[in-house]
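The following note is offered to a colleague who is meeting this structure for the first time. Please read the numbered points with the sequence and the model at hand.

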Amino acid sequence: MFFNHYVYKTVLIAVTWQFIVVSGADHLLDGIYCGKENCYEVLEVTRDAVKNEIARNYRRLAKKYHPDLHKGEEAKKEAEEQFKKIATAYEILRDEEERSDYDYMLDNPQEYYAHYYRYYRRRMAPKVDVRIVIAVTITIISLVQYYSAWSKYDTAIKYFMTVPKYRNKALEIAKVEIKDSQSRKGGRKSKTELKEEQDRIIRRVIEENMDIKGAYAKPEITDILWVQLIILPYTIACYIYWYLRWFWKFTIMNQPYGEEEKLYLIRKYMKLGQHQFNALDETEKQEYLEEELWVKENYVVWKEIKDEEAKKALADNNKYKQYRRYIKSHGVGRMTFDDS
């Protein structure tokens, strides 16, 4: 008797809870997916229906309830409402991920907050493939990077064309070519045209003979971001090989450094980038090698001497002396009427 009463009570609680959950879910899920209607029932299919069956039923029902096939304002309005429901149900059930979310909602109606989140996250998420966005972004960065590099290189060439030292040297090299060009055209060219042609020849000579390094060097296709990403595995492999070679030759075998390794250590101690170090004059690099700056102790002593020389040169500078006197008299960040 007691056992039957206990079973009856348990079943009653379970049924009551299920009724509360389903009723609450039915109320709160209004406005998402197919609202209070079941998407499967709207399309007249079961939950086991495959894509072809869903598509076939959609076409049949869409044709049946298409507003243009109904006469009368009331009939058209009812058909239009049903047509929208059919279209909404089809949009949900034809997408595998959205259908999976919908099925989960049917099986777990109590998780209504999670269902709202999934529904609106999918609706508000961008439709563009993130891979396309990344590819377009990298392409734009690469184009800007390449254009900027060419702009810097062009600025450097134009600057060297105005410096008498380099311009005269280029004129000396291109003298024969300029004379031949002028003699072929005779007097038919104006002074402006002759000047433009001369500048073109000078520019070409400077480009061919001037080894511009650093940030203003002539851009290479391998410098742009797209190519860097493509050859990244090769770059990593080269670095690993270089590191292992260095460790084996100079750490384990204790072999003497070559010139390339010495310059690398000097650049590392100076904290210069590859482009910055390449921009240094060759005679300057040779001086570093002669002073054996690849040895850390030598570099520390050399750096201290250079810092002292820089301080002394700054102290002897007249403008710096005036600045120091001004700061001493007026202080930092103060303004008085005597300043004018």
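1. Y33 is found in the loop that runs between α1 (2–28) and α2. In this predicted model, the phi of Y33 is near 55 degrees, a positive value in a residue other than glycine. Most residues other than glycine have a negative phi. Y33 has a relative accessibility of 7%, and because buried means under 20%, Y33 counts as buried.

2. A second residue with this kind of backbone angle is E292, whose phi is positive, at about 55 degrees, although E292 is not a glycine. E292 also belongs to a loop, here the one between α14 (282–290) and α15 (296–315). Is E292 buried or partly exposed? With 39% relative accessibility, E292 counts as partly exposed.

3. The structure holds 1 disulfide. The bond joins C34 to C39, with an S to S distance of 2.0 Å. Its torsion about the S-S bond is about 110 degrees, so the disulfide is right-handed. Both cysteines, C34 and C39, are buried. A further cysteine, C238, has 32% relative accessibility and therefore counts as partly exposed.

4. Y33 and C39 appear again in the largest nonpolar core, which has 22 residues; they are among the residues with the most contacts inside it, together with L43, I54, I92, L93 and Y102. Which elements give two or more residues to this core? They are α2 (39–42), α3 (51–64), α4 (73–94) and α5 (96–107).

5. L43 deserves a separate look. Its neighbours within four places in sequence being left aside, L43 is in contact with I54, N57, Y58, L61, I86, A89, Y90 and L93. Of these partners, I54, N57, Y58 and L61 fall within the range of α3 (51–64), while I86, A89, Y90 and L93 fall within that of α4 (73–94).

6. There is also a second, separate core, made up of 14 residues. Its members include L263, Y269, L289 and W302.

7. Helix α7 covers residues 130–162. How does its length compare with what is expected? At 1.5 Å a residue, its 33 residues should span 48 Å, and its end C-alpha atoms are 48 Å apart, which agrees. The buried residues of α7 are I138, S142, Y153, A156, I157, F160 and M161. As a general point, an α-helix has 3.6 residues a turn, so residues three or four places apart point the same way.

Methods. Residues are numbered from 1 along each chain as its sequence is written. This is a predicted model: local features need pLDDT of at least 70, side-chain atom pairs count only at pLDDT 80 or more; totals for chains, interfaces and linings use all residues. Side-chain values use heavy atoms; hydrogens and water are left out. A nonpolar core is a set of buried Ala, Val, Leu, Ile, Met, Phe, Trp, Tyr and Cys residues joined through side-chain atoms within 4.5 Å. Buried means under 20% relative accessible area, exposed over 50%, partly exposed in between (1.4 Å probe, protein chains only). Helices (H or I, at least four residues) and strands (E, at least two) are DSSP runs, numbered from the N terminus. Contact means heavy atoms within 4.5 Å. A disulfide is a pair of cysteine sulfur atoms within 2.5 Å. The expected span of a helix is 1.5 Å times one less than its number of residues.
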